[in-house]
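Subject: Structure handover and notes

Hello,

Here is the structure you were due to receive. My notes on it follow below.

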Amino acid sequence: MMKDARISIIMPCYNCAKHVESSIASVLAQDFKNWKLIIVDDGSTDESAEIISAINDSRIQLMRQANAGVSAARNRALTVAEGELIAFLDADDTWKPHFLTRMVAALDARPDAILAYCGWQNVGLPGGRGEPFIPPDYEIPSKLEMLLINCRWPIHAALTRRTAVIDAGGFDHRYVNAEDFALWVKIATLSPIVRVPEVMAYYHFHGTMQASANHTQAALQLWQAQREYLATHPVHTSQLGRDKIKRITHGELLQRGYVRYWARDLSTARDIFKIVMRHGYGTLHDWKYMLPALLPYSWHLALIRLLDRKQKEKTLSTKDQ
């Protein structure tokens, strides 16, 4: 076992027998070799642990626990992680071979930086979706506002200093979708962060119920994490002001509701609209869309179908002219 590895890579695994070998392979393929991979099998009922155990590399440590969730698994690994730097890679995602090299170089060039992040891409989304994405540079005057709206890099597109993760308290077990956001916003607001403008991390979509598929839960947990962070950092509340905070929290939640509304995911949109209305947020135009969420679902659905039909008839009429 490599005891003095510079990077501790943390990989939670739950029933990922089909994918974990590929994820580990992307770690083994790294041209930066001074790492230790800590895998926590979170109560898998498939052959995940057997597949991991069969890989012969002294830098890989397997820990097993009863199923407790991804945050608990990552926190368990943090208790034994000794590397100066921490990276996270889920058991169905991958990196480019030079991911660690480029990310380490970015932090070495900026000793004052606490975290490096890079571009990423969804792989396997239907309909040709999944364009490569490079997050913006957050080191601008509106950094705090931008980070609170959303940290636009996934868990495996970052490398951070271990002390920062420990000081932030690790992952909040209550969050299933926003656990990484809740951590990143605590870390990234403390010190400079550095962007590596290259796509080097890949999120693999398998067509199953992955965590991000629950749109209602994802939207509401991010909103809750925003509000909890602001509640525990009153200096930021004072710095941003009440109106901007409402726009960052309730306003962004409303926009996520609109995205689901226009995707005709009416159930999610209704849940979000009700929360936003409960907090009295929105313009008269917004309330025109939100108020029908108070109707029974079948009535709301019938109204949407009527509006869609009228819009289609209007479009056809315009074309005929």
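In what follows, contact means heavy atoms within 4.5 Å. The model is predicted, and every value below was computed from it.

On that footing, leaving out neighbours within four places in sequence, His 300 is in contact with Tyr 261, Leu 266, Arg 270, Pro 292, Ala 293 and Leu 295. His 300 belongs to helix α13, which covers residues 297-320. How much of His 300 is accessible? Its relative accessible area is 1%, and since the cut-off for buried is under 20%, His 300 counts as buried. One of its contact partners also appears in a polar contact: the side chains of His 300 and Arg 270 are joined at 3.0 Å.

Pro 296 sits in the loop between α12 (284-290) and α13. Its relative accessible area is 39%, so Pro 296 is partly exposed. From Pro 296 to Leu 306 there are ten residues in sequence and 16 Å in space, C-alpha to C-alpha.

Helix packing

Two packed helices are described by the angle between their axes and the distance between the axes. Two pairs are given here in those terms.

The first pair to look at is helix α7 (residues 179-188) with helix α8 (residues 215-232), whose axes come within 9 Å and cross at roughly 30°. Because angles under 35 degrees count as roughly parallel, α7 is roughly parallel to α8. The crossing of α7 and α8 is right-handed. On the α7 side the residues that meet α8 are Phe 181, Ala 182, Val 185 and Lys 186, and on the α8 side they are Leu 222, Ala 225, Gln 226 and Tyr 229. Sorted by class, the contact of α7 with α8 holds six nonpolar residues, one polar and one charged. An α-helix has 3.6 residues a turn, so residues three or four places apart point the same way.

The other pair is α8 with helix α10 (residues 242-262), where the axes come within 10 Å and cross at roughly 175°. Angles over 145 degrees count as roughly antiparallel, so α8 is roughly antiparallel to α10. From α8, the contact is made by His 215, Ala 219, Leu 220, Leu 222, Trp 223, Gln 226, Arg 227 and Leu 230. From α10, it is made by Ile 245, Ile 248, Thr 249, His 250, Leu 253, Arg 256 and Arg 260. The residues of the contact of α8 with α10 divide by class into eight nonpolar, four polar and three charged. Leu 222 and Gln 226 of α8 are among the residues that meet α7, and both are also listed in the contact with α10.

Covered helices

How many of the residues of α7 are buried? Nine of its ten residues are, and α7 is mostly covered. The buried ones are Glu 179, Asp 180, Phe 181, Ala 182, Leu 183, Trp 184, Val 185, Ile 187 and Ala 188.

Helix α3 (residues 70-78) has seven of its nine residues buried, so it is largely enclosed by the rest of the structure. Those buried residues are Ser 71, Ala 72, Ala 73, Arg 74, Asn 75, Ala 77 and Leu 78. What do the buried residues of α3 pack against? Their partners are the strands β1 (7-13), β2 (35-42), β3 (60-65) and β4 (85-88), together with the helices α6 (162-167) and α7.

A buried arginine

Arg 161 lies in strand β7, residues 158-161. Is Arg 161 buried or exposed? With a relative accessible area of 16%, Arg 161 is buried. Not counting residues up to four places away in sequence, Arg 161 touches Glu 84, Leu 85, Leu 107, Arg 110, Pro 111, Ala 113 and Ile 114. The side chain of Arg 161 also reaches the backbone oxygen of Arg 110, at 3.5 Å. Arg 161 and Ser 58 are 103 residues apart in sequence, and their C-alpha atoms are 23 Å apart in space.

Positive phi

Asn 15, in the loop between β1 and α1 (20-28), has a positive phi of about 50° although it is not a glycine. Asn 15 has a relative accessible area of 29% and is therefore partly exposed.

Arg 264 lies in the loop between α10 and α11 (266-278). Its phi is near 60°, a positive value in a residue other than glycine. Arg 264 is partly exposed, with a relative accessible area of 34%.

Regards

Terms used. Residues numbered from 1 in each chain as written. Predicted model: local features only at pLDDT ≥ 70, side-chain atom pairs only at ≥ 80, totals over all residues. Heavy atoms only, no water. Helix = DSSP H or I, 4+ residues; strand = E, 2+ residues; numbered from the N terminus. Buried < 20%, exposed > 50% of the residue type's maximum accessible area, 1.4 Å probe, protein only. Polar contact = N/O pair within 3.5 Å; in protein donor to acceptor, adjacent residues only side chain to side chain. Axes fitted to C-alpha atoms, helices over the stretch in contact; angles between N-to-C directions. Parallel < 35°, antiparallel > 145°, perpendicular 65-115°, else oblique. Left-handed = near helix turned anticlockwise from the far one by under 90°. Nonpolar A, V, L, I, M, F, W, Y, C, P; charged D, E, K, R; others polar.
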